[in-house]
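Please look over the sequence and the coordinates shown here. The paragraphs after them go through the fold piece by piece.

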Amino acid sequence: DTMDSSAFIITAANKEYIIPGWKRMHILEIESEISSLCPCDICQKYSNSEVYKSRELLSYHNIWALWSQIEEIKIAIQEEQFEKYLDERFRRHPWAMKAYEYAKIRHNMGLRSV
């Protein structure tokens, strides 16, 4: 239930907005209102420009987005759907999918170390 990551701060410093569902964009590239992208309190309460101007608000949103991903993972594990979750997650990222497929093959062969 915990993570050791500075990603939420680093992305905020770079004005990157983590879109729930494992994607991030520079906040100025987002054409729609963030309230339509995310249900967190920050996105529902503040406009794109307000969040852009505040590293703190963007950090709060980004940590919420990362935390929601952890919650999705926990649910997938509880429902014994973790592999399906990973398949879907990595399908959107060809470079990561290649590494994931390699790891699955090695795991299935009983070769745990690389």
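**Helix packing in a predicted model**

The cover over the buried residues of helix 5 includes helix 4 and helix 6. This is a predicted model, and helix 5 is a convenient place to enter it. The buried residues in helix 5 are Tyr 85, Leu 86, Arg 89 and Phe 90. Viewed down the axis of helix 5, these buried residues fall within an arc of 115 degrees, so they line one face of the helix. On the face turned away from that buried side, helix 5 carries the exposed residues Lys 84 and Arg 91.

How is the pairing of helix 5 with helix 6 described? Two packed helices are described by the angle between their axes and the distance between the axes. The axes of helix 5 (residues 82–91) and helix 6 (residues 94–108) cross at roughly 145 degrees and come within 8 Å. From helix 5, the contact is made by Glu 83, Leu 86, Asp 87, Phe 90 and Arg 91; from helix 6, by Pro 94, Ala 96, Met 97, Tyr 100 and Lys 104. Sorted by character, the residues of this contact are 6 nonpolar and 4 charged, with no polar ones. Leu 86 and Phe 90 are thus found both among the buried residues of helix 5 and in its contact with helix 6.

Helix 4, which also helps to cover helix 5, runs over residues 55–78. Its 24 residues should span 34 Å at 1.5 Å a residue, and the end C-alpha atoms are 35 Å apart, which agrees. The buried residues of helix 4 are Leu 57, Leu 58, Ser 59, His 61, Asn 62, Ala 65, Leu 66, Ser 68, Gln 69, Ile 70 and Ala 76. They pack against helix 1, strand 1 (16–19), helix 2 (41–45), helix 3 and helix 5. Just after helix 4, Glu 80 takes a positive phi of about 55 degrees.

Two residues elsewhere in the chain can be followed through their contacts. Phe 8 lies in helix 1 (residues 7–13), and its relative accessible area of 17% makes it buried because the cut-off is under 20%. Leaving out residues up to four places away in sequence, Phe 8 touches Ser 59, Asn 62, Ile 63 and Leu 66. Of these, Ser 59, Asn 62 and Leu 66 are listed among the buried residues of helix 4. Phe 8 and Ile 18 are 10 residues apart in sequence, and their C-alpha atoms are 8.2 Å apart in space.

Asn 48 belongs to helix 3 (residues 48–53). Is Asn 48 buried or exposed? It counts as buried, at 12% relative accessibility. Apart from neighbours within four places in sequence, Asn 48 is in contact with Ile 27, Ile 30, Ser 32, Glu 33 and Ile 34.

Taken as a whole, the protein has 6 helices and 2 strands, in the order α-β-β-α-α-α-α-α along the sequence. Its C-alpha trace spans about 50 × 25 × 25 Å along the principal axes. Of its 114 residues, 33% count as buried. Among contacts between residues at least 6 apart in sequence, 45% join residues at least 24 apart.

The confidence of the prediction remains to be stated. The mean pLDDT of the protein is 87, and 92% of the residues reach 70 or more. Confidence is highest in helix 2, at a mean of 96, and lowest in helix 6, at 85. Where pLDDT is low, the predicted coordinates should not be read in detail.

Methods. Residues numbered from 1 in each chain as written. Predicted model: local features only at pLDDT ≥ 70, side-chain atom pairs only at ≥ 80, totals over all residues. Heavy atoms only, no water. Helix = DSSP H or I, 4+ residues; strand = E, 2+ residues; numbered from the N terminus. Buried < 20%, exposed > 50% of the residue type's maximum accessible area, 1.4 Å probe, protein only. Contact = heavy atoms within 4.5 Å. Axes fitted to C-alpha atoms, helices over the stretch in contact; angles between N-to-C directions. Nonpolar A, V, L, I, M, F, W, Y, C, P; charged D, E, K, R; others polar. Expected span 1.5 Å × (residues − 1). pLDDT = per-residue confidence, 0-100. Arc of directions from axis to C-beta.
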